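Visitor: Could you take me through the packing in this molecule, one question at a time?

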Amino acid sequence: STIETDVGINAGIDNDTIDSTEDIAPTPPAIPETAPVVNTDNKAHKIEAEKALYFIWGAGAAAMSLWFFISWLLFTFKLWNTDVFHSEFNGIKVYISDKIASPCVAGVKPIIYITPEAAESENLSYVLAHEYTHLHHGDRVWSAVRVIATCVFWWNPLVWAAAFLSKSDAELACDESVIKGFNEGDRLAYA
């Protein structure tokens with residue numbers, strides 16, 4: 001059997017000698033001697049540099065996470081030894097602790113911790129209202145967001161500045177919320 005093909009006609013092959021079951025593969029073009037050489041060394045160095053940067057970033061993120069975790073753990077242990085119950089404020093337990101620098105809210109089930117000085121102050125209701133407002137505003141969630149952001153972007157000073165300013169803004173927002181309903185005399189006493 002014979003095949004009439006363009007390959008057979010163009011190649012000058014006698015169509016009578018081609019078997020229909022044979023495959024005809026074209027001859028690949030010759031590679032010129034001046035073929036461009038691909039430099040794989042730069043690619044390998046780039047991949048190694050990327051791996052090194054990922055390793056450095058991961059080590060920094062892990063170190064920051066560990067630092068925040070240890071700081072939280074030490075603070076929590078410090079507060080566990082506080083067992084001087086003071087009162088309740090809007091359903092939240094209030095404890096007195098001489099191991100903290102300023103009043104705060106802590107714990108999975110929130111507890112307000114106050115200093116002995118704050119407990120004896122005539123402005124205790126303002127202090128408790130301020131700490132309760134932190135709970136109302138969800139500042140514990142925002143605190144966690146700041147920690148995560150600084151762990152992931154530990155190398156970026158703008159993220160650190162944003163975290164610092166965010167914490168300051170949270171404090172100012174609590175102050176503003178607390179004094180919103182105060183008269184002039186109470187505002188001066190709160191300050």
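Visitor: Leaving aside neighbours within four places in sequence, which residues is Leu128 in contact with?
Guide: The model is predicted, so local features need pLDDT of at least 70 and side-chain atom pairs count only at pLDDT 80 or more, while totals for chains, interfaces and linings use all residues. Residues are numbered from 1 along each chain as its sequence is written, and side-chain values use heavy atoms, with hydrogens and water left out. Taking contact as heavy atoms within 4.5 Å, the partners of Leu128 are Phe89, Val94, Ile112 and Ile114.

Visitor: Which element supplies the largest share of the largest nonpolar core?
Guide: A nonpolar core is a set of buried (under 20% relative accessible area, with exposed over 50% and partly exposed in between, 1.4 Å probe, protein chains only) Ala, Val, Leu, Ile, Met, Phe, Trp, Tyr and Cys residues joined through side-chain atoms within 4.5 Å. The largest one has 17 residues, and Val94, Ile112, Ile114 and Leu128 have the most contacts inside it. With helices (H or I, at least four residues) and strands (E, at least two) taken as DSSP runs numbered from the N terminus, at least two core residues each come from strand 2 (92-96), strand 4 (111-114), helix 3 (116-120) and helix 4 (124-137). The largest share, five residues, belongs to helix 4.

Visitor: In strand 4, which residue is the bridge partner of Tyr95?
Guide: Two strands pair if DSSP finds at least two bridges between them, and three bridges join strand 2 to strand 4, which run parallel. Both faces of strand 4 are covered, with Ile111 and Tyr113 buried on one side and Ile112 and Ile114 on the other. The bridge partner of Tyr95 in this strand is Tyr113.
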